[in-house]
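Biologist: I should like to go through the assignments made for this protein and hear the reasoning behind each. Please begin with the terms used for its secondary structure.

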Amino acid sequence: MMRLFSRPVFGASLVFLISFIVYLQTMQRSVPFIDGGELATVCATLGIAHPTGYPIFCMLGYLFAHLPIAGSVILRVNIMSAFFCALGSGAMVFFISELYLYWFNKRIAKPKPQKGKKIVARPATAQEIISDTKKQESVLAGIFAGLAIAFSATWWDTSNSVEVYPIHCFMVPIVLTFFFRMLRIDKEKFGRESILFALTLGLCFSNHLTTILLAPACIYMFFATFGFKKDTFIRITKLAIPFVIGLLPYLYFPIRSSQFPLMDWGHPADLYHFWRHFRGGQYSIMMFTANAPKIQWPYFWGKYPEEFTIAGLILVVCGIWALFNSTGRGKAHLLIFVLLLFFGCLLWSMNYEILDINSYFLTAYFASAIMMTYGLIWLVRVSKTKYIPALTGATIVFSAIQIYAHYKDVDESGNYFVEDYTKNMLRSLPKDAIIFTSSWDFWASGAFYYQLVEHIRSDVFVIDFAMLRDRPWYYNHLKQRFPEIMKRAEPELSAFMVHLERFDRNPDYGGTAIGETYQAFCDSLIARNFDHAIYLSPEAFSQRDLFSPHFKSYPGGLAYRLLARDSAFDVPLPVIQWHDQNYRERSYYTDHSRSFQAMPLADRAKVLVRMGKIDEAKKFLDLALSFEPDRKVDIEKLEGRVKDAAYQTNTDFDKIREMRNALGK
């Protein structure tokens, strides 16, 4: 049996199966927060995703979305995430096995030269270090690393729902395995390993541009191995050819965009929009801001001990010492590579001012898994115990510790928040209603999926006015779906688009004209479509004076209805779908989702009280209180924005309960 584990493929298969089975238990069964609805719709319709576009993800997602498995598209693409994260964990075995056999060598004291004799360095050869036992040790070390990264907090959480990062989790260990094989095998020639490295590197870039975070570590190892000489730069030129071939999936952008798919973010059909989409131009304002490092640096280090548990942190420290005392190969030292991998990721990612930053730290966690593995190997060596039993036992124990520590926090199998909120909102609206929202993270992204893929309330016209302000491509999307409604405001839209196109190409473009024409377009879009019921979602209601200052707004169920003048209208008690009994976690997103649904109901109750309809007001307040979060959670143990959201949500529900108590039983 143990002889099987002298081959990495068997160890990789074991890691894949274990992690995939566990991932399927914790995987979300529905649409996740933030970009999940958009990404699932892109997969289902073969569209273009938000920048940087992720062509590999779009094409693989389309294949998974149409596999004859599972009961829904969202379940299939969530399975895709679990599948690729599990594959990435398995691929870790190949990478660690390569490092263990050829790059991690114990430093041996140099012999003292004897008088009259010259010391000649004798390089280690593959025949000297590779035996069946050594191969088994390398695979077991790989299994430990694979399961350690598989059940780390962020990697595991990444496996739960549709996202672009799981494919990245798979590609990174593959790229680095071929990279180290190239350094070792192709040192004297340009061979197969070089081609495979450059090709997979290009493919990795074709999925996610954060592949660039591998650059500092790989550039160091490359020049430390090949040196700064003419042949090295000739080699780089040769590597460019398969690398460019790996980038060819980006041709998907102009080809597919020219066909005007429903999801055509950025419309990258021409060179300008292709380049803008490729480099993520619209998100550049969030990069290298003065405030980002102040937020992300302490956030990373505050979260880091929890990523692999305290046991993992101890192994990381031991691993740094072990790598320091290894010889590497030639002038290339493995510790420098790992530290560059870690800090190259951290120092770049900490400059990105976004809320969902965790996935951008994955490369740093990958480097940590390497350090942990060699920390364990060092401990086994200094304890002078037998390698195979010690590595096997440590793998079982550490995996169990991580699963126990993280399972509850990463378990998303009962999370239906986005589905519930989206369906509740859509079903509460009258036929052919129009609703303006900026609630992308909470339900607007999910609306893409439920309307365009599952065809739930496709008659409702959902307009994200955050994208309405500065996304020219979004207007093509709206015209495709609701041409008659958009046509009514065509003169004002044409006037606004002149300025919006200029702004799109030059963010410094200013003046009052763009604001004035935008306001004129919004006013006409609303005023000329009052044969439809028009609403603002709760977060848009707070911005009503900027967005729709010429209209009045009134609570109308889960949203606020816009009217040209004071008017009374009936609001039936919404029929609510709510899976809260299966998912009690308090987070920034779940707490805001509760308040966003409850507050419009409470505001409607206030109107009913003024009208003397007390019994009906009680029903609305009781329904609002059904969204109340778990008050047993100790808010003081929460941190940052999660804590702030929890306080605000508790305050909101305290007010609702006070109103309800004032009305009696």
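Modeller: A helix here is a DSSP run of H or I with at least four residues, and helices are numbered from the N terminus. The model is a predicted one. In these terms, His50 sits in the loop between helix 2 (36–45) and helix 3 (55–65).

Biologist: Why is His50 called buried or exposed?

Modeller: Buried means under 20% relative accessible area. His50 has 7% relative accessibility and therefore counts as buried.

Biologist: What makes up the surroundings of His50?

Modeller: Leaving aside neighbours within four places in sequence, His50 is in contact with Asp35, Glu38, Leu39, Trp265, His277 and Tyr283. With Glu38 there is also a side-chain to side-chain polar contact of 2.8 Å. In addition, the C-alpha atoms of His50 and Phe278 are 9.8 Å apart, although 228 residues separate the two along the chain.

Biologist: How do you know whether Ser257 is buried or exposed?

Modeller: Ser257, which belongs to helix 12 (residues 252–257), has a relative accessibility of 0%, so it counts as buried.

Biologist: Which side chains make polar contacts with the side chain of Ser257, and what makes them qualify?

Modeller: The cut-off for a pair of N or O atoms is 3.5 Å, with one able to donate a hydrogen and the other to accept it. The side chain of Ser257 is joined to that of Asp264 at 2.9 Å, and to that of His267 at 2.9 Å. Both are listed as polar contacts. Beyond four places in sequence, the residues touching Ser257 include Ile48, Tyr252 and Pro268.

Biologist: Why is Ile241 called buried or exposed?

Modeller: Exposed means over 50%. Ile241 reaches 57% relative accessible area and is therefore exposed. The residue is part of helix 11 (residues 230–246), and together with Ile245, Leu248, Leu251 and Ile255 it makes a nonpolar surface patch of about 490 Å².

Biologist: What makes helix 20 mostly covered?

Modeller: Twelve of the 13 residues of helix 20 (residues 440–452) are buried. Among them are Trp440, Phe442, Trp443, Phe448, Tyr449 and Tyr450.

Biologist: Which residues have the most contacts inside the largest nonpolar core?

Modeller: They are Phe337 and Leu468, in a core of 206 residues. Helix 4 (residues 73–102) gives the most to this core, with 17 residues. Outside its neighbours up to four places away in sequence, Leu468 touches residues including Phe436, Ile463, Phe496, Tyr518 and Phe521. In soluble globular proteins, nonpolar side chains tend to be buried together.

How values were computed
Residues numbered from 1 in each chain as written. Predicted model: local features only at pLDDT ≥ 70, side-chain atom pairs only at ≥ 80, totals over all residues. Heavy atoms only, no water. Patch = residues over 30% accessible without salt bridge, like charges linked within 9 Å, V, L, I, M, F, W, Y side chains within 5 Å. Areas by Shrake-Rupley, 256 points an atom, 1.4 Å probe, with all protein chains shown as cover. Salt bridge = Lys/Arg side-chain N within 4 Å of Asp/Glu carboxyl O. Helix = DSSP H or I, 4+ residues; strand = E, 2+ residues; numbered from the N terminus. Buried < 20%, exposed > 50% of the residue type's maximum accessible area, 1.4 Å probe, protein only. Contact = heavy atoms within 4.5 Å. Core = buried A, V, L, I, M, F, W, Y, C linked by side-chain atoms within 4.5 Å.
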